[in-house]
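I sat down with this one over coffee and kept notes as I went. Here is the entry, in the order I looked things up.

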Amino acid sequence: MITNILKELLNSGSKTVPASGNAALISAVQSLINSDPGGDWQVEKLAGRFKISREHLSRIFVQETCLPLHDYIIRIR
């Protein structure tokens, strides 16, 4: 899982690698969304990209950011 996160960070053009765990995963998700705000960022597709369940991604996103993922996507747009 960490390998996938690091690959996503490298592919998104991020210059820094965050700490491991949930914070790293959420940072990678945010980097993807920020790189293409108008993209088709459905929670289910994002979760699949990181090989975790939609529910788990939604839960840890709120834990790390205090904001639901869907709301974050809308704010970035």
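**Notebook: loops, a helix pair and confidence**

I began with Lys51, which sits in the loop between helix H3 (43–49) and H4. I checked its backbone and found a positive phi of about 55°, although Lys51 is not a glycine. Is Lys51 buried or exposed? I noted it as exposed, because its relative accessibility is 64% and the cut-off for exposed is over 50%.

I then went to Cys66, in the loop between H4 and helix H5 (69–76). Cys66 is another residue other than glycine with a positive phi, near 60°. With 69% relative accessibility, Cys66 counts as exposed.

Next I stepped back to the whole chain. I was working with a predicted model throughout. I counted five helices and zero strands, and from the N terminus the elements read α-α-α-α-α. Of the 77 residues in the chain, 32% are buried. I also looked at contacts between residues at least 6 apart in sequence, and 48% of them join residues at least 24 apart.

How far could I trust the coordinates? I wrote down a mean pLDDT of 85 for the chain, with 75% of its residues at 70 or more. Which element has the lowest mean pLDDT, and which the highest? Helix H1 (residues 2–11) has the lowest, 66, and H4 has the highest, 95. I flagged residues 14–18, where the pLDDT is below 50. Beyond near neighbours in sequence, that stretch has eight contacts in the model. A reminder to myself: where pLDDT is low, the predicted coordinates should not be read in detail.

Then I turned to a helix pair. Two packed helices are described by the angle between their axes and the distance between the axes. For helix H2 (residues 22–35) and helix H4 (residues 54–65), I noted an angle of about 100° and axes 10 Å apart. That angle makes H2 roughly perpendicular to H4. Which residues make the contact? From H2 I listed Asn22, Ala23, Leu25, Ile26, Val29 and Gln30, and from H4 Leu57, Ile60, Phe61, Gln63, Glu64 and Thr65. Sorted by class, this contact has seven nonpolar, four polar and one charged residues.

I looked at H2 by itself too. H2 has 14 residues and spans 20 Å from its first C-alpha to its last, close to the 20 Å expected at 1.5 Å a residue. The buried residues in H2 are Ala24, Leu25, Ile26, Ala28, Val29, Ser31, Leu32 and Ile33. An α-helix has 3.6 residues a turn, so residues three or four places apart point the same way.

My next stop was Leu57, which lies in helix H4. Leu57 counts as buried, because its relative accessibility is 0%. What does Leu57 touch, leaving out residues up to four places away in sequence? I wrote down Ile26, Val29, Val43, Leu46, Ala47, Ile52 and Leu69. The C-alpha atoms of Leu57 and Leu69 are 8.4 Å apart, with their positions 12 residues apart along the chain.

Last came Arg59, also found in helix H4. At 45% relative accessibility, Arg59 counts as partly exposed. I noted 9.0 Å between the C-alpha atoms of Arg59 and Leu69, which are 10 residues apart along the chain.

Conventions
Residues are numbered from 1 along each chain as its sequence is written. This is a predicted model: local features need pLDDT of at least 70, side-chain atom pairs count only at pLDDT 80 or more; totals for chains, interfaces and linings use all residues. Side-chain values use heavy atoms; hydrogens and water are left out. Axes are lines fitted to C-alpha atoms, for helices over the stretch in contact, and angles run from 0 to 180 degrees between N-to-C directions. Helices (H or I, at least four residues) and strands (E, at least two) are DSSP runs, numbered from the N terminus. Angles under 35 degrees count as roughly parallel, over 145 as roughly antiparallel, 65 to 115 as roughly perpendicular and the rest as oblique. Contact means heavy atoms within 4.5 Å. Ala, Val, Leu, Ile, Met, Phe, Trp, Tyr, Cys and Pro count as nonpolar, Asp, Glu, Lys and Arg as charged, and the others, Gly among them, as polar. The expected span of a helix is 1.5 Å times one less than its number of residues. Buried means under 20% relative accessible area, exposed over 50%, partly exposed in between (1.4 Å probe, protein chains only). pLDDT is the predictor's confidence in each residue, from 0 to 100.
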